[in-house]
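User: I would like a close look at one part of this protein. Please keep the answer plain and connected.

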Amino acid sequence: MQDDFRTIIEPFRIHSVEPLRMTTPQQRSAAVRDAGYNLFNLHADDVLIDLLTDSGTGAMSRDQWAAIQHGDESYAGSPSWFRFLRAVQELFPFRHVIPTHQGRAAERILFSVLGGPGKVIPNNTHFDTTRANVEFTGAEAVDLVIPEGRDPALFHPFKGNLDLSALEQLLSERAEDVPVAFVTITNNSGGGQPVSLANLRGASRLCHQYGVPLFLDACRFAENAWFIHQREEGQERREIADIVREMASLADGMTMSAKKDPFGNIGGWLAMNDDQLAEQCRNLLILTEGFPTYGGLAGRDLEAIAQGLQEAVDPDYLRYRIRSTAYLGEAVAAAGVPVVQPIGGHAVYLDARSLLPHIPPLRYPGQALSVALYQTGGIRSAEIGTVMFGRHPDGSEQPAAMDLVRLAVPRRTYTQSHIDYVIEVVLKVASEAPALPGYRMVSEPPALRHFTARFEPV
Ligand code: F0G
């Protein structure tokens with residue numbers, strides 16, 4: 001513990017390094033033009049600091065690499081599977097754990113069983129793949145985050161909370177159409193904001209009153225538990241793992257991307273208590289993912305995740321993790337750049353709509369800002385706004401609730417000097433904001449358009 005000092009250091013030292021490739025502004029302008037002004041289309045070695053996502057991009061620990069050597073690749077009943085199962089159930093003691101290759105595979109299997117036309121699935125805010133997997137079955141995805149969660153500048157300790165009165169209204173009107181309710185911890189699309197235990201208890205009570213199962217989308221469960229530990233009355237003395245177990249106890253199941261808090265480069269799972277649902281899901285798993293003791297993962301992946309789960313709930317790590325994200329966010333906010341407040345767990349969300357008022361939402365201010373961050377400093381970010389969420393199943397296009405640019409911080413990967421550089425680049429781009437152009441989409445796929453659409457400046 002370093003209680004007497006201001007600087008919260010990285011609680012690790014570097015054991016193996018990866019080179020970064022420097023590029024010039026001219027090279028980057030050419031690269032982003034060739035990419036159709038979509039940062040997903042860039043070659044990653046043309047990126048200097050990659051804040052596109054915190055998914056699968058974290059640095060694994062020495063102990064995870066060592067665990068990989070224990071990977072047992074037996075098709076069925078591998079010891080690596082049993083180690084994974086124990087590590088998952090230690091934190092999330094659901095009766096059935098179904099491994100998948102990543103989070104969206106768990107979503108696809110669950111919603112294939114529970115979704116379908118006429119069904120409606122509430123969530124605080126659906127992540128893009130979650131929404132797409134719900135809508136792909138013909139069901140409707142509704143976002144019921146508290147009103148505070150839609151106002152970027154407003155401070156609230158648990159801005160990811162579900163609006164319990166909106167949930168109650170939905171359930172009282174049409175509980176029979178709601179096969180499952182979700183809470184995403186932390187609320188990624190709403191700014192990486194946490195959900196309180198009190199809110200989860202309320203959601204659990206309501207769902208159970210109406211006979212609807214409650215599931216967690218738990219990718220960032222450890223960061224959520226840390227916020228509960230720091231911010232919720234009476235939680236400051238509890239162990240993180242204990243808070244996680246209480247979150248799990250309030251739910252009937254979960255979907256998980258192990259590429260986030262569990263430090264996997266790949267992996268995920270689906271878990272639940274319901275025997276019949278588990279059987280239906282396992283049958284689908286075997287069809288497309290694999291046998292239920294590996295579900296699309298190698299034994300070595302199961303080992304890396306099992307070890308990563310233990311590291312994810314270490315308080316020294318979580319203190320550094322949340323503080324280092326806040327360090328970036330607070331620095332740019334202090335210089336007057338509008339950001340989602342308070343700073344989230346895994347990412348800083350720049351409020352592009354507010355920084356670029358001359359660019360209307362349907363000219364994609366988030367896209368404009370993310371392209372400029374790349375051209376100026378080689379930083380890759382992700383638009384979370386009208387490009388991602390503006391197209392609706394009926395074909396119409398409308399502005400998203402917010403136009404944000406997410407700077408997602410990969411776990412244990414970048415040092416403070418990398419982040420200091422990011423701060424400088426953001427401030428330079430912000431100072432030139434009035435000169436940035438908007439964008440027009442020149443091609444888009446039928447779903448999840450942000451991954452492959454192409455743009456032109458206007
Ligand atoms: N749910 C949430 C809240 C997520 O953030 C993600 C992925 C998923 C589900 C899907 O998991 O990628 O393993 O299939 N989020 C990444 C991101 C991609 O960049 O935020 P996956």
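Why does the second largest pocket lie between domain 1 (25-54 + 314-457) and domain 2 (62-312)?

Analyst: The model is a predicted one. The second largest pocket lies between the two domains because domain 1 (25-54 + 314-457) and domain 2 (62-312) both give residues to its lining.

It helps to begin with the domains themselves. The domain assignment divides the chain into domain 1, made of 25-54 and 314-457, and domain 2, which runs over 62-312. Domain 1 is thus written as two stretches of the chain, and domain 2 as one. The C-alpha centres of domain 1 and domain 2 are 26 Å apart. Where the domains meet, 30 residues of domain 1 are in contact with 36 residues of domain 2. Together domain 1 and domain 2 bury about 2,700 Å² between them, and 61% of this area is on carbon and sulfur atoms. Five salt bridges are counted between domain 1 and domain 2.

Now the pocket. The second largest pocket has a volume of about 840 Å³. Its lining is made up of 36 residues, and those closest to the centre of the pocket are R131, E135, M388, F389 and R391. Two helices, α5 (128-136) and α15 (386-389), each supply at least two residues of this lining. The largest share comes from α5, with seven residues. Sorted by class, the lining of the second largest pocket has 16 nonpolar, eleven polar and nine charged residues.

The largest pocket can be set beside it. The volume of the largest pocket is about 1,500 Å³. It is lined by 37 residues, and S16, A59, M60, R412 and T413 lie nearest its centre. The elements that give two or more residues to this lining are α2 (62-68), α11 (299-312) and α12 (315-334). Among these, α2 gives the most, with three residues. The lining of the largest pocket has 15 nonpolar, eleven polar and eleven charged residues. Domain 1 and domain 2 each provide at least three residues of the lining of the largest pocket.

To return to the question, the second largest pocket lies between domain 1 and domain 2 because residues of both domains are part of its lining.

Terms used: Residues are numbered from 1 along each chain as its sequence is written. This is a predicted model: local features need pLDDT of at least 70, side-chain atom pairs count only at pLDDT 80 or more; totals for chains, interfaces and linings use all residues. Side-chain values use heavy atoms; hydrogens and water are left out. On a 1 Å grid over the protein atoms alone, a cavity is a set of points where a 1.4 Å probe fits but cannot get out, and a pocket is an open set with protein on both sides within 12 Å along at least five of seven lines; lining residues have an atom within 4 Å of a point. Grid points are joined across faces, edges and corners, and a volume is the space filled by probe spheres set on the points. Helices (H or I, at least four residues) and strands (E, at least two) are DSSP runs, numbered from the N terminus. Ala, Val, Leu, Ile, Met, Phe, Trp, Tyr, Cys and Pro count as nonpolar, Asp, Glu, Lys and Arg as charged, and the others, Gly among them, as polar. Domain bounds come from an automatic or database domain assignment. Contact means heavy atoms within 4.5 Å. Buried area is the accessible area (1.4 Å probe) that two parts lose on being put together, summed over both. A salt bridge is a side-chain nitrogen of Lys or Arg within 4 Å of a carboxyl oxygen of Asp or Glu.
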